[in-house]
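Let's take a walk through this structure together. Keep the sequence and the 3D view open side by side as you read.

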Amino acid sequence: MKSSLSDALFLLFFITTQSICYITTNAAGENVVKDATGKKVLNGVPYHIGPVISANGGRIKLTDTMNNNKICPFNVVQDPADVNLGGQFMFTLIAKKKYLLTSTILAIDSGYPKGACEKSTFWTIPNVLEPPPSSLITTGGLFDQSFTCFQVVEYPKSTSPKVHSYMLQHCPSFCGAGPGTCFNVSIYLDKGVRRLAATGDTPFEFVFHKLSK
Ligand SMILES: *[C@@H]1O[C@H](CO)[C@@H](O)[C@H](O)[C@H]1NC(C)=O
């Protein structure tokens, strides 16, 4: 009697630890970001990003012009037309990894565009607690700072069930000093221009597209 009880307990212990192992390894395998075709997204390599379906507008790009004035640093906007390739953005995890992971802190680099603006090229949100323009995404940040701290999160319910879609969160305190929470990045409509900002609206759902060679 005694031994069968301990046998049963051992079996229970065995099953429990096995399923915990299964869950953790499975979760670790699942958090690699996938592109629109289902391929793993490489860390620190340029990609285009855009909405899941083209009816929701075009891809994300930089703009050097706002209200007919040249600006520096640049703003990050959604192209109204769904025919253009969009900008090339390099999502780089703070930790060195081969593939991009969800819910892991990273910086987003726009690369050096041609022109006179010599600001640095990392996306930044100057002050997430203030309304736009402070909470708009611009270039001009530095790697691994609270202002440039983002993470890619799986979109809760993809518009297209067959595609992995994501949303972006700004998490200042994960990289440095700042508000101890994450802020969803959404589209902020500003005089007809769709700009990326952390305004607390519905998160912008997007997919990764490999650059065409
Ligand atoms: C961010 O977006 C998700 C998905 O829409 C939502 O569930 C969550 O409450 C939002 N978080 C904040 C802080 O607004």
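Start at Arg-195, where a polar contact of 2.3 Å joins its side chain to that of Asp-190. A second polar contact, also listed at 2.3 Å, links the side chains of Arg-195 and Asn-75. (A polar contact here is a pair of N or O atoms within 3.5 Å; within protein, one must be able to donate a hydrogen and the other to accept it, and residues adjacent in sequence count only if both atoms are side-chain atoms.)

Before going on, a word on what you're looking at: this is a predicted model, where local features need pLDDT of at least 70, side-chain atom pairs count only at pLDDT 80 or more, and totals for chains, interfaces and linings use all residues. Residues are numbered from 1 along each chain as its sequence is written, and side-chain values use heavy atoms, with hydrogens and water left out.

Back to Arg-195, which sits in strand E12, residues 193-197. (Helices, H or I with at least four residues, and strands, E with at least two, are DSSP runs numbered from the N terminus.) Is Arg-195 buried or exposed? Arg-195 is buried, at a relative accessible area of 8%. Buried means under 20% relative accessible area, exposed means over 50%, and partly exposed is in between, using a 1.4 Å probe and protein chains only. Not counting residues up to four places away in sequence, Arg-195 touches Met-66, Asn-75, Val-76, Val-77, Leu-136, Ser-186, Ile-187, Tyr-188 and Asp-190. Contact, by the way, means heavy atoms within 4.5 Å.

Now hop to Asp-64, in strand E2, which covers residues 60-66. Asp-64 counts as partly exposed, with 31% relative accessibility. Its side chain makes a polar contact of 3.2 Å with the side chain of Lys-70. Lys-70 is also one of the contacts of Asp-64 beyond four places in sequence, along with Asn-69, Ile-71 and Phe-74. Asn-75, which you met as a partner of Arg-195, turns up here too: the C-alpha atoms of Asp-64 and Asn-75 are separated by 6.8 Å, with the two residues eleven apart along the chain.

Time to zoom out. The chain has one helix and 13 strands, and from the N terminus the helix comes ahead of the strands. Of its 213 residues, 39% are buried. Take the contacts with a separation of 6 or more: 54% of them are between residues 24 or more positions apart. The chain exposes about 11,900 Å², and carbon and sulfur atoms supply 59% of that. (Accessible areas come from the Shrake-Rupley method with a 1.4 Å probe; for residues, only the protein chains shown count as cover.)

What about the inside? In soluble globular proteins, nonpolar side chains tend to be buried together. The largest nonpolar core in this chain has 30 residues, and Phe-91, Trp-123, Phe-150, Leu-168, Leu-196 and Phe-208 touch the most other members. (A nonpolar core is a set of buried Ala, Val, Leu, Ile, Met, Phe, Trp, Tyr and Cys residues joined through side-chain atoms within 4.5 Å.) The elements giving two or more residues to this core are strands E1 (46-50), E4 (89-93), E5 (106-109), E8 (150-154) and E9 (166-170). E4 gives the most, with three residues. Look at Phe-208 for a closer view: among its contacts beyond four places in sequence are Val-33, Val-41, Tyr-47, Phe-91, Leu-100 and Val-152.

Two loop residues are worth a stop. Asn-43 lies in the loop between helix H1 (2-30) and E1, and is buried at 13% relative accessible area. A polar atom of the Asn-43 side chain lies 2.9 Å from the backbone oxygen of Lys-97. Phe-91, one of the core residues named above, is also among the contacts of Asn-43.

Ser-110 has its place in the loop between E5 and strand E6 (122-124), and counts as buried at 11% relative accessibility. Its side chain and that of Trp-123 are joined by a polar contact of 3.0 Å. Ser-110 and Pro-46 are 64 residues apart in sequence, yet 8.4 Å apart in space, C-alpha to C-alpha.

Finally, the ligand: Pro-156, Met-167, Cys-182, Asn-184 and Pro-203 surround it, where a residue is near a molecule or strand if one of its heavy atoms lies within 4 Å of it. The protein covers 42% of the 360 Å² of accessible area that the ligand has on its own. The shell residues divide into four nonpolar, one polar and no charged. (Ala, Val, Leu, Ile, Met, Phe, Trp, Tyr, Cys and Pro count as nonpolar, Asp, Glu, Lys and Arg as charged, and the others, Gly among them, as polar.) An oxygen atom of the ligand is 2.3 Å from an N or O atom in the side chain of Asn-184.
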